[in-house]
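Please open the model in a viewer and keep the selection panel at hand. The tour below proceeds selection by selection.

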Amino acid sequence: MTWVVIACAIMLGAGAIMALIRVEQGPSVLDRMVGLDVITSILIIGVALEAAWARRTLTIPILAALALVGFVGSLSIARFAAVEPEDAGRIQTPEEAQAEAQARAAAEEEAARVEAEIAARRDDEAG
Amino acid sequence: MDWDLIADLAAGACFLLAGFLTVAAGIGMKRFPGLLGSIHAAAKPQGLGVLLSLVGLALRLREIRYLAILILVGLFQLVTTPVSFHVVARAGYRTGKVNPDALVVDELIADLEASAREHNDSD
């Protein structure tokens with residue numbers, strides 16, 4: 001039985017690593033959720049394998065819980081999936097990130113100025 | 001005949017098959033293109049793989065009182081997996097992550113067009 005457990009654990013680990021690679025690569029959020037679903041079911045098989053190896057019945061409720069709630073994550077993310085632009089998964093260069101931060105700071109400054117102007121006008125009208 | 005040994009061997013075979021299915025799913029998820037391809041590969045360990053591992057666990061425990069909860073676990077898995085993959089595939093189709101030209105049968109496009117027409121009429 002020990003050799004079966006070792007061989008099975010290696011296969012489960014290989015499958016989990018390849019699913020994890022898929023989670024990392026994407027390209028869309030739905031692909032990542034499918035990969036996480038696979039990892040959940042690999043977890044179920046792994047817990048069952050451990051229970052069978054040690055004849056442990058303590059972990060059987062974990063199987064039930066995982067089988068029940070494993071699908072909630074992908075279900076809720078799929079509900080809010082949106083159309084992603086082509087380069088949504090691209091990582092920004094430092095220059096782009098800096099430019100974006102500057103643009104955001106300028107916009108915030110502008111918003112604060114407009115707000116102060118409106119408040120001043122309201123004070124004038126009240127006074 | 002040693003029935004305990006036979007049950008243990010059968011349990012080992014079940015677990016090895018489940019492990020093989022997970023490896024096959026991992027390879028499929030890396031190699032198959034697109035969202036529907038990875039769902040197709042991912043469904044193998046989620047259905048048959050989990051069921052096989054539960055059968056192996058039942059064969060190894062060999063006690064009738066644990067059979068009920070193991071059947072329940074298999075039932076939960078079979079009920080929840082198609083729901084989540086159905087919703088994921090539908091969301092993928094609606095957000096343009098599925099290539100409609102690659103589909104042999106496309107039963108969703110007619111419904112979507114009909115609902116879009118209805119929506120436009122009501123406006």
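Select helix H2 of chain A (residues 29-54) together with helix H3 of chain B (residues 67-94). In this predicted model, the axes of H2(A) and H3(B) are 10 Å apart and enclose an angle of about 165°. Because angles over 145 degrees count as roughly antiparallel, H2(A) and H3(B) are described as roughly antiparallel to each other. The handedness of this crossing is left-handed.

Next, display the side chains where these two helices meet. On H2(A), select Leu30(A), Met33(A), Val34(A) and Asp37(A); their counterparts on H3(B) are Ser84(B), Val88(B), Ala91(B) and Gly92(B). Colouring the contact of H2(A) with H3(B) by class gives five nonpolar residues, two polar and one charged.

Keep H2(A) selected and replace H3(B) with helix H2 of chain B, residues 34-61. How far apart are the axes of this pair, and at what angle do the helices pack? The axes lie 9 Å apart, and the angle is about 10°. An angle under 35 degrees counts as roughly parallel, and H2(A) and H2(B) are therefore roughly parallel to each other. The crossing of H2(A) and H2(B) is likewise left-handed. Coloured by class, the contact of H2(A) with H2(B) contains 17 nonpolar, six polar and three charged residues.

Now widen the selection to the whole interface between the chains. Here 43 residues of chain A are in contact with 46 residues of chain B. On the chain B side, the elements contributing two or more residues are H1 (3-31), H2 and H3. Which of them should be highlighted for the largest share? H1(B) supplies that share, with 15 residues. By class, the side of chain B that touches chain A has 26 nonpolar, 16 polar and four charged residues.

Isolate chain B and show it as a cartoon. Its secondary structure consists of four helices and zero strands, in the order α-α-α-α along the sequence. Chain B has a radius of gyration of 20 Å, whereas the globule rule gives 14 Å for 123 residues, so chain B is more spread out than a compact globule. Along the principal axes, the C-alpha trace of chain B spans about 75 × 35 × 20 Å.

Finally, hide chain B and colour chain A by domain. The domain assignment gives domain 1 as residues 1-82 and domain 2 as residues 91-127. Between the centres of these two domains of chain A, taken over C-alpha atoms, the separation is 46 Å.

Terms used. Residues numbered from 1 in each chain as written. Chains lettered and ligands numbered in written order. Predicted model: local features only at pLDDT ≥ 70, side-chain atom pairs only at ≥ 80, totals over all residues. Domains from an automatic or database assignment. Axes fitted to C-alpha atoms, helices over the stretch in contact; angles between N-to-C directions. Parallel < 35°, antiparallel > 145°, perpendicular 65-115°, else oblique. Left-handed = near helix turned anticlockwise from the far one by under 90°. Nonpolar A, V, L, I, M, F, W, Y, C, P; charged D, E, K, R; others polar. Contact = placed C-beta atoms within 7 Å. Rg over C-alpha atoms; globule rule 2.2 N^0.38 Å.
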